[in-house]
Amino acid sequence: MVKKLLDSAEVLSTSAKYIDAININKSALLKLDKQNSNDTIIAKIYSNIGNNYIQIRNIDSASIYITEGLTFLDKRKINNSREKGLLYFSLGTVHAIKGDLDNGEKYFNQALKIQIESIGENHHETAATYGNLANVALYKRDLDKASRYLNIALKTTKNTLGENHQKMAGYYNNLGLIYRAKGELKRALVQYENSARITKNNYGGDYIKLNAPYTNMSSLYHTLGNFDKAIDYLLKSISLQEKTFSVKGYELASNYTSLALLYAEINKFDEAINSLEKGLQFLKKTYGDTHESIAINYSNFNIVYRKMNKNNKSIKYGLKALTILNNLPDKNYAEILSINSNISKAYTNLGDYTNATNYSNKALDIFARANVSDKADIYLNLAKIDILKNEDYLYQKHLDSASKHIGYNKFEPENFNNIEDFNALTYFFELKILSFKKKLQSSKNQKHSDSLRNTYKNFLNFQDFVYHKFSRRENKSFRIDQSHFLYEESISNIFERKKDSELIIAFEEAEKVKSRLLLENLNKQNTQKFINIDDSLLVKEYDLEKQLSQLEKKVFKLKDTDSLLILAKNEVFEIKTAQDKLQETIKAKHPDYYNLIYNHDVINIKEVQKLLNPDQSLVEYFVGKQNIFIFLITKDNYTVKQVAKDFPLKKWVTQLREGIYNYWAMPNALDSDFKKYNSLYKDMAFKLYQKLLQPISNQLTHKVIIIPDAELNFIPFDALLTTDSNQISNNKDFPYLLKKHQISYNYSATLYNQLKQKESSKSQKEVLAFAPKFSNNEVIETIAMRRNGLGDLKYNKQEVNTISHLFNTTIFKDSLATKSNFINNIKNHKIIHLSTHAKSNDTYGDYSFIAFSKNNDSLQDDKLYVRDLYNLDLDTDMVVLSACETGLGELKKGEGLISLARAFTFAGARSTITSLWNVNDAQTTKLMTLFYTNLKDGMTKGEALHKAKLTYIENENLSSPYFWAAFVPAGDMQKIDFNSKIDYYAIGIGVFLIVLIFVVYIYKKRKTT
């Protein structure tokens, strides 16, 4: 009976059901007669109970049962039994967890002595004791001793239990910790991955023991600046802990603390503070107020508040942490060093250089005792203080010391292959820039100016190097966002130097942060045609991306309280992990393919000029915090203008848009409302023209390609006014930019080149058109609300029918206009036209959507999201989204609007026509009819829309910009070749005539003969 209970308890413990295991062990203990039962069984039960309490961090109860077990064996005068060795091993673990490392080490050594005598060196339990002695040495920062003990544990366990035993997973994880402490990050990552691999193979992907390698991988990715991966691994670890434990203990609290630091890195400060407070609550419940873990939590409050620029609060928490740590018997010098360093940074931010220097020096003083591998952060702190105090000699000394510890060689300034701490080198470059700027303020020495220029150049090269280290879109997007300020500073520096040769570089730098992810996808589409790559890898890549798209959409729709949410998030984690490994495989097997996609060069001025006709201009904007840079390129000239951002750009753009459509969106609008908003529109339309186009207006050609940036993505440039129009009352007479210039848009000059070079669709089919039907369950009170409310569209079927009279059109309307019919029919059409509803999402751009008719016979929903479009492979000349807000979405620095328009370009469309606000379907039908008529007459896409707008303004009573300016053309504006279709009738006549001529020739020849 007892044996069955113990077997059951062991299974429960292995499954991380520790409380159930404790209860069954206690039941077994009660059933045994302590006077007559087997001593070893009783001792083992005490050990089992103690170890299970250790797992849930109930250290006091663990200590009680372990001590009782040892007392029981002492009474029986059993000195060198295997069970006594296990109990001393557990007692050592209890003391180590309490932070009492000396006693922990003492009891581990007692356990080791007994185990060597009782079971010998070559036993897995002896190996486990060596493993824990290695952990103690690691915490004491004796890395050589830690390595020596752990290698014994690994070798013994491998020989006795095999390479894939679960104990090996724990040792590989700890070996990773040792490599991490030595600063060997890549070797550490390999060991964490070994640990996770063994655990997953043994128990699957939801086993609690994955917590340790996942937490450590997260920490390492944090150091490497790969924040998206770091957050993924940490959230997975937290999910495992919350799922497994009914008691939320130290590890969970520690993970919340680490999560806070990651949120702070990506400027999600509210989430960071919430995570820290959650962690603190768990820790205080478990350990009280003065445990080392509480100090570490306060230390992280110190870091987060400093990043929030709340420096006094930061110092307060840092000092609270130091008070606890300095009163502990075993000093965690590594943590004390880190806190002193962070307090120094906070004082530096406050301008208190005396205290800043004092705390940095304290950090240096304890460096040897802390036995950490990285001094760079301390030296960088001191270097910053030196700059601010104008102490050049000390600055250079400290910066050189930092450089040495980072591994950066100033004699090979573009070699970053040995750099592992990207954050440290980023800080290093920022300090060099700060130093040279200060020197230039006091002296206009050309040497300092050249040094600053070179530093910007090297810093940008480093940012590019870091960007290419990541394969995930989220990481790349974050890197672009974080480095945007640097590109602004560098371009400003070029302007200050006033060298024509460098102004050319300014354009290329602006291009570097324009729609890089979009460009990479187009590169991928083009590269796959020319490079021989294993098809199975591409199929797997596509399948994983499709699965991820479906799962992320599921997560987006599920509520926080839904029990399926954790399951879906776990699946997302596994798919992303598989994608990461696949990218590593592709990179290793097909480096040429990988480099062509990701290591692209941007287009230069001369290459842009070759693309342009004499009547074309390309105007590219770079919007920074302090300046707007306007790059104008024509066939023969290149001009750059710097416009001070001394006006509220975002507010002006918002007011322009309100002036255009607010009146038409009001349910009971009055004449006074019209005057108010019309006046607002005229004021903003002229002001924005003065800032954005007037500086280059005398050099603009008739056709203008606009490459917007930041808030400029929301502007309909057509509708800007070229003169003050306050005295003009009739909309038709307004001096619209449209009347002077034919405007089109693009995402970057490099992308414009790609789209222009892309082969035109070889499809024989002309137009695919969709006009879904929606039930009108609400009263649509204004013309603006008709599409916004997803109510019935009265004119969308008329719109597609009109197109069908001009072109050979495949139409899906009413109940047939479903999402599945769209996906199944999108290939092999030159034009795709969607006359339907759409919704932009300015928070999560990937979840803007187009609506289709509901399919009652399918589980598939009726919405096509931006995220879905990434997985399509289009070969179409143009997508026309005659729907609301299809050109809007989430605005990301550099990458632009994450909109439906961009998503269709991502999927392979050469051009798009989309809308910037909720359009009126009746007037849209008129505009689209004019547009398609012009296309039929052989006009280019840009010219067809331009003339359609002019004709609409001239002939329609409702001529406000609200009705025509929403639609913006982007991409390649060349003419669509509708004459490439095969005319079988003409071919038949031709063949018949050839045969007839041949027959006549033969007949005449025979007759002559």
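Buried means under 20% relative accessible area, exposed means over 50%, and partly exposed lies in between (1.4 Å probe, protein chains only). This is a predicted model: local features need pLDDT of at least 70, side-chain atom pairs count only at pLDDT 80 or more, and totals for chains, interfaces and linings use all residues. Residues are numbered from 1 along each chain as its sequence is written, and side-chain values use heavy atoms, with hydrogens and water left out.

**Exercise 1. Glutamate 502**

Task: Decide whether glutamate 502 counts as buried or exposed, and list what it touches.

Solution.
- Step 1: Locate the residue. Glutamate 502 sits in helix α25 (residues 500-512). Helices (H or I, at least four residues) and strands (E, at least two) are DSSP runs, numbered from the N terminus.
- Step 2: Apply the cut-off. Glutamate 502 has 10% relative accessibility, so it counts as buried.
- Step 3: List the contacts (heavy atoms within 4.5 Å). Leaving out residues up to four places away in sequence, glutamate 502 touches Arg453, Ile494 and Arg497.

**Exercise 2. The chain as a whole**

Task: State how many helices and strands the chain has, what share of its residues is buried, and what share of the contacts is long in sequence separation.

Solution.
- Step 1: Count elements. The chain has 42 helices and 16 strands.
- Step 2: Take the burial. Of 1009 residues, 57% count as buried.
- Step 3: Take the contacts with a separation of 6 or more. Residues 24 or more positions apart account for 70% of them.

**Exercise 3. Helix α6**

Task: Test the length of helix α6 (residues 101-118) against the expected span, then find its packing partners.

Solution.
- Step 1: Set the rule. The expected span is 1.5 Å times one less than the number of residues.
- Step 2: Compare. The 18 residues of α6 should span 26 Å, and the end C-alpha atoms are 25 Å apart, which agrees.
- Step 3: Pick out the buried residues. They are Leu101, Gly104, Glu105, Tyr107, Phe108, Ala111, Leu112, Ile114 and Gln115. An α-helix has 3.6 residues a turn, so residues three or four places apart point the same way.
- Step 4: Find the partners. The buried residues of α6 pack against α5 (82-98), α7 (124-139) and α8 (143-161).
- Step 5: Look past the end. Glycine 120 follows α6, with a positive phi near 90°.

**Exercise 4. Strands β1 to β5**

Task: Trace the pairings that involve β1, β2 and β4, and give a bridge partner for each.

Solution.
- Step 1: Set the rule. Two strands pair if DSSP finds at least two bridges between them.
- Step 2: Start with β1 (residues 616-623) and β2. They pair in the antiparallel sense over 7 bridges, and they form a hairpin with 3 residues between them. Glutamate 620 has phenylalanine 631 in β2 as its bridge partner.
- Step 3: Go on to β3 (residues 638-644). β2 and β3 are antiparallel over 7 bridges, and a hairpin joins them through 3 residues. Isoleucine 628 is bridged to valine 643 in β3.
- Step 4: Turn to β4. Parallel pairing joins β1 to β4 through 5 bridges. Valine 619 is partnered by isoleucine 706 in β4.
- Step 5: Finish with β5 (residues 742-745). β4 and β5 run parallel, joined by 4 bridges. Isoleucine 705 is partnered by serine 744 in β5.

**Exercise 5. Enclosed strands**

Task: Explain why β2 and β4 count as largely enclosed.

Solution.
- Step 1: In β2 (residues 627-634), 8 of the 8 residues are buried, so the rest of the structure largely encloses this strand.
- Step 2: Split β2 by direction. Asn627, Phe629, Phe631 and Ile633 point one way, Ile628, Ile630, Leu632 and Thr634 the other, and all are buried. In a regular strand the side chains alternate between the two faces of the sheet.
- Step 3: In β4 (residues 703-707), 4 of the 5 residues are buried, so β4 too is largely enclosed by the rest of the structure.

**Exercise 6. An open sheet**

Task: Give the strand order of the sheet that holds β10, and name its edge strands.

Solution.
- Step 1: The open sheet has 3 strands in the order β9-β10-β11, with antiparallel pairing.
- Step 2: β9 (838-839) and β11 (863-865) stand at the edges, each with a single partner strand, so one side of each lacks a neighbour in the sheet.
- Step 3: β9 and β10 (residues 849-851) pair over 2 bridges. Alanine 838 has isoleucine 850 in β10 as its bridge partner.
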